[in-house]
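Trainee: Hi! Could you walk me through this one while we have it on the screen?
Mentor: Happy to, let's look together.

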Amino acid sequence: MLKKHNLLLLMLLLIVPSTLFSQNVTNNNAVIPRMRVIVDNDFSGDPDGLFQLAHLLLSPSVEIRGIIGSHLSVGDGFDPSKTQAENAASKAKELLQVMAVKNNIPVFAGSNTAMLNDSTPVKDEAVNFIIQEALRTDTKLPLYILCGAGLTEIASAVLTNPQIANKLTLVWIGGPEYNDLALPPPNFSDPEYNLKIDISAGAVIFNKSNISIWQVPRNAYRQCLISYNQLLTKVKSKGKTGNYLVTILENLMKRIQPYYNIGETYVLGDSPLVLLTALQSSFEADPSSSKYVIKLAPKINKQGAYEYNHKGRNIRVYNHLDTYLMFEDFFAKLELANQ
């Protein structure tokens, strides 16, 4: 009888914690932040930036310290205005409102223009915030700067205060293919879209700074294909957030349809910013399900092309992304948030 009692007690001890654990995961109580991030993106441009921001906001392992709305290239078709950064910040605030985010996350408008050259930083609150956050001594959480567009603010920050270079990791979606890794796509843009936004800023980061870089170039971010049917069934139907995101994308699809047929897929190319941070492995934390190579940082010339630099520091260049983990996690978080 005693043995049976002990066996029953052991079974309860095994079952009850498992049940409690699953509830904690659902309520995000079992996961706490293990990194800080500052999100810098052109939210008034390609909607992929808003998808990425929504995914991050649903990720409890990251502490979002600030959001920066950044500019596009002059006259960009997504937003040809002269207030691109302000518009981007407004879109970020709009998403925070849709998602009913209770945390008081500061949102900054970055510069509306690119840097004048690779020696003159822009001056704004966003630059000051990056420096302030990088120089904190009251936390041991590592800091990642997540850039899904140009590099104006982070380049200006490191020019303004070079001490921050070894206190953060830059994850950047941008740059053309490396010749030894991939071929460019048909009818490719030259310079690559995100690098073109501010070539001088790219030159600061690659040519002049010692910042740790995790780069996701064009051949990698183009892997992040999602189908329209997936968007309808796994995103749009999942509450206010999903409906908001897909409606913005649908409006874009209708607007450009007379000029370009994009078919039934879309590249959510900024989503690797979440994959490489929030979705790192549990032990020996790293983006272990995605693949990268170590390369010498090339020089960025005035045309926005790579030039070999034998003195370049080692950087990570991602060439294969675990899009299954990335998208399935996004779908699951939307589902849970909508319960």
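Mentor: One term before we start: two strands count as paired if DSSP finds at least two bridges between them. Also keep in mind that this is a predicted model.

Trainee: Got it. Which strand pairs with S1 over five bridges?
Mentor: That is S4: S1 covers residues 35-41, S4 covers residues 143-147, and the two pair in the parallel sense. To find the register on screen, look for Val39 opposite Leu146 in S4. Val37 likewise stands opposite Tyr144 of that strand.

Trainee: And how many bridges join S1 to S2?
Mentor: Seven, and S1 and S2 run parallel. One bridge to look for is Asp40 with its partner Ile68 in S2.

Trainee: What holds paired strands together in general?
Mentor: Strands of a sheet pair through backbone hydrogen bonds, in either a parallel or an antiparallel way.

Trainee: What sort of unit do S1, H2 and S2 make?
Mentor: A right-handed β-α-β unit, with helix H2 spanning residues 48-57.

Trainee: Let's zoom out. What is the strand order in the sheet of eight?
Mentor: Reading across, the order is S3-S2-S1-S4-S5-S6-S12-S9. The sheet is open, and the pairing is mixed. At the edges you find S3 (107-109) and S9 (291-296), each pairing on one side only. From one strand to the next, the twist averages 20°.

Trainee: Which strands does helix H3 touch?
Mentor: H3, residues 84-98, packs on the sheet and touches S1, S2 (62-69) and S3. The direction of H3 makes about 165° with that of S3.

Trainee: And where does H7 pack?
Mentor: Helix H7 (residues 199-208) also packs on the sheet, touching S5 (169-173), S6 (212-216) and S12 (314-320). Between the directions of H7 and S6 the angle is about 125°.

Trainee: Back to S1 for a second. How many of the residues of S1 are buried?
Mentor: Seven of the seven, so S1 is largely enclosed by the rest of the structure.

Trainee: Which residues sit on each face?
Mentor: In a regular strand, side chains alternate between the two faces of the sheet. Here, Met35, Val37, Val39 and Asn41 are on one side, with Arg36, Ile38 and Asp40 on the other. Both faces of S1 are covered.

Trainee: Now a lysine that caught my eye. Is Lys295 buried or exposed?
Mentor: Its relative accessibility is 16%, and the cut-off for buried is under 20%, so Lys295 counts as buried. Lys295 lies in strand S9. The residues Lys295 touches include Tyr178, Asp180 and Arg313, leaving aside those up to four places away in sequence.

Trainee: What about Glu94, is that residue buried or exposed?
Mentor: In between: Glu94 has a relative accessible area of 34%, so the label is partly exposed. You'll find Glu94 in helix H3.

Trainee: Switching topic, how many aromatic pairs are there?
Mentor: A search of the whole structure finds nine. Take Phe51 and Phe330: the ring centres are 6.3 Å apart and the planes are at 65°, so this pair is edge-to-face. Phe51 is in H2 and Phe330 in helix H12 (residues 323-337), 279 residues apart, so to speak linking distant parts of the chain. Phe51 and Phe330 are both buried.

Trainee: How are Phe327 and Phe331 arranged?
Mentor: They form a stacked pair, 6.4 Å centre to centre with 15° between the planes. Both lie in H12, four residues apart, about one turn of the helix. Phe327 and Phe331 are buried too. Ring pairs link Phe51, Phe327, Phe330 and Phe331 into a cluster.

Trainee: Last topic. Which residues have the most contacts inside the largest nonpolar core?
Mentor: Phe51 and Ile67, in a core of 55 residues. Helix H10 (residues 239-256) gives the most to this core, with seven residues.

Trainee: What does Ile67 touch?
Mentor: Leaving out residues up to four places away in sequence, the contacts of Ile67 include Val39, Leu53, Ala92 and Phe108. There is also a second, separate core of 39 residues, with Met115, Cys147, Leu168 and Val204 among them.

Notes. Residues are numbered from 1 along each chain as its sequence is written. This is a predicted model: local features need pLDDT of at least 70, side-chain atom pairs count only at pLDDT 80 or more; totals for chains, interfaces and linings use all residues. Side-chain values use heavy atoms; hydrogens and water are left out. Axes are lines fitted to C-alpha atoms, for helices over the stretch in contact, and angles run from 0 to 180 degrees between N-to-C directions. Contact means heavy atoms within 4.5 Å. Buried means under 20% relative accessible area, exposed over 50%, partly exposed in between (1.4 Å probe, protein chains only). A crossover is right-handed if, with the strands pointing away from the viewer, the path from the first strand over the helix to the second runs clockwise. Rings of Phe, Tyr and Trp (its six-membered ring) pair if their centres lie within 6.5 Å; planes under 30 degrees apart count as stacked, over 60 as edge-to-face and the rest as tilted. A nonpolar core is a set of buried Ala, Val, Leu, Ile, Met, Phe, Trp, Tyr and Cys residues joined through side-chain atoms within 4.5 Å.
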